[in-house]
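Got the viewer open? Here is a walk through the model, one selection at a time.

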Amino acid sequence: MKPSHGIFARTLIAAGTLLAALHAQAETLKIGIAGPVTGPVAQYGDMQKIGAMMAIDRINAAGGVNGISLEGVIYDDACDPKQAVAVANRIVNDEIRHVIGHLCSSSTEPASDIYEEEGVMMITAASTSPSITEKGYELIFRTIGLDSLQGKLAADHIINRVKPRNLAVIHDKQQYGEGLATTVRDLLAKAGIETVMFEGVTPGDKDFSALIAKLKRNNVDFVYYGGYHPELGLILRQSREKGFDVPFMGPEGVVNADLAAIAGKAMEGVLATAPKSFEQNPENAALVAAFKARDEDPSGPFVFTAYAAVQVLTDAIKATGETDPYTLADQLRANRFDTTIGEIGFDDRGDLTESTFIVYQLHADGSKTPISE
Amino acid sequence: MSETSLYVLQQLINGLTIGSTYALIAIGYTMVYGIIGMINFAHGEVYMIGSYTTFIAIIGLLTLGVSSLPIVLLLALITAIVIASTYGYAIERVAYRPLRGGPRLIPLITAIGMSIFLQNYIRLAQGSRDMAMPALVTGGIQFGDPAVFEVSISWMQMIIWGVTLVSMTALALFISRSRLGRACRACAQDLKMTNLLGIDTNRIIALTFIIGAALAAVAGVLLSLYYGTINPYIGFMAGLKAFTAAVLGGIGSIPGAMLGGLILGVTEALTAAFFPSEYKDVVAFGLLVLILLFRPTGLLGKPEVEKV
């Protein structure tokens, strides 16, 4: 076995030298873009990808950052916590030190630990679970509001505008959905609105007839759903088929063109809290045209937040002249940034200092109208 | 009727609907086990392929301008049965027949491999997103006092019961009356002896795979119309539930699979009715554990006779 050890060691040294040489010459800065490329929520990963890639391409076209051009490297975590950990380790091994992602909160959370420990800066454009930044990380940021803000907005809307008599809160037992559902239930309870049903459904389940019969029996007149669109779509479709015709409300995880495909006419009028539609902001008209020119859809909730994540990263690099994550982190916390999602700043935890959510009413043709400011 | 009894009736209706489709898929597990004593874990994927075929056939027919709903559904059913049966036959021919006579664990592992292969193959060919279809069969009947509790049965639920009943009756007649059915029963009793008596057992085994796949395709058609959405991962859970139903009723026994499916469906619906609905899988699989503890052969299964 000895000789092979020797060869192995020499190969390793050779490879190391080669890598070092490549590294020294590198005029490009690699940015990892981590999120689901495959799996049931791949379309959200797509939103993040087109947003981040557009930002990278436009910055490169304008001459890069301090003469360095950017390169986006896509990693697929399939929205699976186990795979997210593997992806995070690969990013560390690939010597990438700046990551846009991850997408699903349940993937972002385990990945953040690895990035923080290994000195990699991560900016998520989509994960809204409050617990991610609760640990007080130094290198973890986000360009999207928190679940707790979204839950509070939903609860305020229900208290002031809906005023239901028999409210049901349903969730998908996942970190994102159940977290939101719990927040909404607790806030409503404080305002004196009792939840008559608080139940979980199994993600991937197809048959909700038993649940719907129970909603009917409890005379529920308003349903808040914490989760993603595949289950809500089926619940809506089956509810309307069974003559259960009450308003539903969900978080931004349900705002998706596929909801209309699954639920059809049954989704007309569903309420949802979602980030402000940045594509309707006149200041972003040129950017929207650039997406359209590429045949990409800029209307997804994470497109502009991902764009802004790249913007704040490159602005910080420009201002400091360095790519070291710790220097950049200080820069991000100390300053305010002008981005496509407005002027933003970060607090000590790395969260946005302003809320980006408003309540929308969704329509069966895929459009949505804002109903609160 | 009182409010509670109407509510229980509604949940029974829901449970029988889902149970019928479990039963259709469970037949495939139980027949294959009855004859060659292996669990065909790729069977759930055959159901998934049946669902995809239904979608493609229906969308194709509608695009071609075939507007009569019964004709569209019938043609989709036939296409799904043909394609899924072909898959069922091909799976047996490629993955199981070359290994027959080997240790029992080997075909079990190829079955799992086949299941993973088919799932990923459909994912690559059709994409991993949910595919959705507008509801073709809508409406139904409602009864009971709306002020108390209104029970609803959709036409689609009735179609599911009807088609399941017809398929099961046809299968029962085929097994009990036809020559091939008798050969199937003979194979189930003693494969080697049947072979010695001059029956081509390979053909009979292939036939059981085809029948199982055809019934899974029927379930695929019914459920894709009922729910309106499919993705490449639906075969796993459906397969697991149907397998549970087959074991519950007594694996190897055809009436057992039918009974097991219905019991499982009704148990799930009634659990969701009176407990938080996240417990329905817990109770369904808990029931399986209990039955296996007290009746290891399942409800209608016969104890295995030691073959000398």
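Start with the open sheet in chain A: five strands, laid out in the order β2-β1-β3-β4-β5, with parallel pairing. This is a predicted model, so keep that in mind as you click around. At the edges you'll find β2 (69–76) and β5 (140–142) of chain A, each of which pairs on one side only. Follow the strands across and the twist averages 25° from one to the next.

Now select residues 121–124 of chain A, which are strand β4. How many bridges join β4 to β5(A)? Three, and the two strands run parallel. Show the residues there and you'll see A:Thr124 standing opposite A:Arg142 in β5(A).

Next, add residues 42–61 of chain A, helix α2, which packs on the sheet. This helix touches β1 (28–35), β2 and β3 (98–101) of chain A. Compare directions and α2 makes about 165° with β2(A).

Stay in chain A for two backbone details. Go to A:Gly101 and A:His102: the peptide bond from the one to the other is cis, with omega near -10°. A:His102 is found in the loop between β3 and α4 (105–118) of chain A. Then pick A:Ala78, in the loop between β2 and α3 (81–93) of chain A. What is phi of A:Ala78 near? It is near 55°, a positive value in a residue other than glycine.

Zoom out to the whole of chain A, which has 13 helices and 14 strands. Its radius of gyration is 22 Å, close to the 21 Å that the globule rule gives for 373 residues, so chain A is as compact as a globular protein of that length. Taken along the principal axes, the C-alpha atoms of chain A fill a box of roughly 75 × 55 × 40 Å.

Time to bring in chain B. Color the contacts between the chains: 30 residues of chain B are in contact with 30 residues of chain A. On the chain B side, the elements that give two or more residues are α1 (3–36), β3 (151–154) and α10 (254–274). Which of the elements gives the most to that side? That's α1(B), with five residues. By class, the side of chain B that touches chain A has 13 nonpolar, twelve polar and five charged residues.

Keep α1(B) selected and add residues 155–177 of chain B, helix α5. The two helices pack at an angle of about 35°, with their axes 10 Å apart, and α1(B) passes α5(B) in a left-handed crossing. Show side chains here: among those from α1(B) are B:Leu16, B:Ser20, B:Ala23 and B:Ile27, while α5(B) brings residues including B:Ile160, B:Trp161 and B:Leu171. The residues of this contact divide into eight nonpolar, six polar and no charged.

For the last stop, select residues 69–96 and 105–126 of chain B, helices α3 and α4. They pack at an angle of about 130°, again with a separation of 10 Å between axes, which makes α3(B) oblique to α4(B). This crossing is right-handed. From α3(B), B:Ile91, B:Ala95 and B:Tyr96 meet B:Pro107, B:Thr110 and B:Met114 in α4(B). Color this contact by class and you get five nonpolar, one polar and no charged residues.

Note on methods:
Residues numbered from 1 in each chain as written. Chains lettered and ligands numbered in written order. Predicted model: local features only at pLDDT ≥ 70, side-chain atom pairs only at ≥ 80, totals over all residues. Pairing = 2+ DSSP bridges. Helix = DSSP H or I, 4+ residues; strand = E, 2+ residues; numbered from the N terminus. Axes fitted to C-alpha atoms, helices over the stretch in contact; angles between N-to-C directions. Contact = placed C-beta atoms within 7 Å. Nonpolar A, V, L, I, M, F, W, Y, C, P; charged D, E, K, R; others polar. Parallel < 35°, antiparallel > 145°, perpendicular 65-115°, else oblique. Left-handed = near helix turned anticlockwise from the far one by under 90°. Rg over C-alpha atoms; globule rule 2.2 N^0.38 Å.
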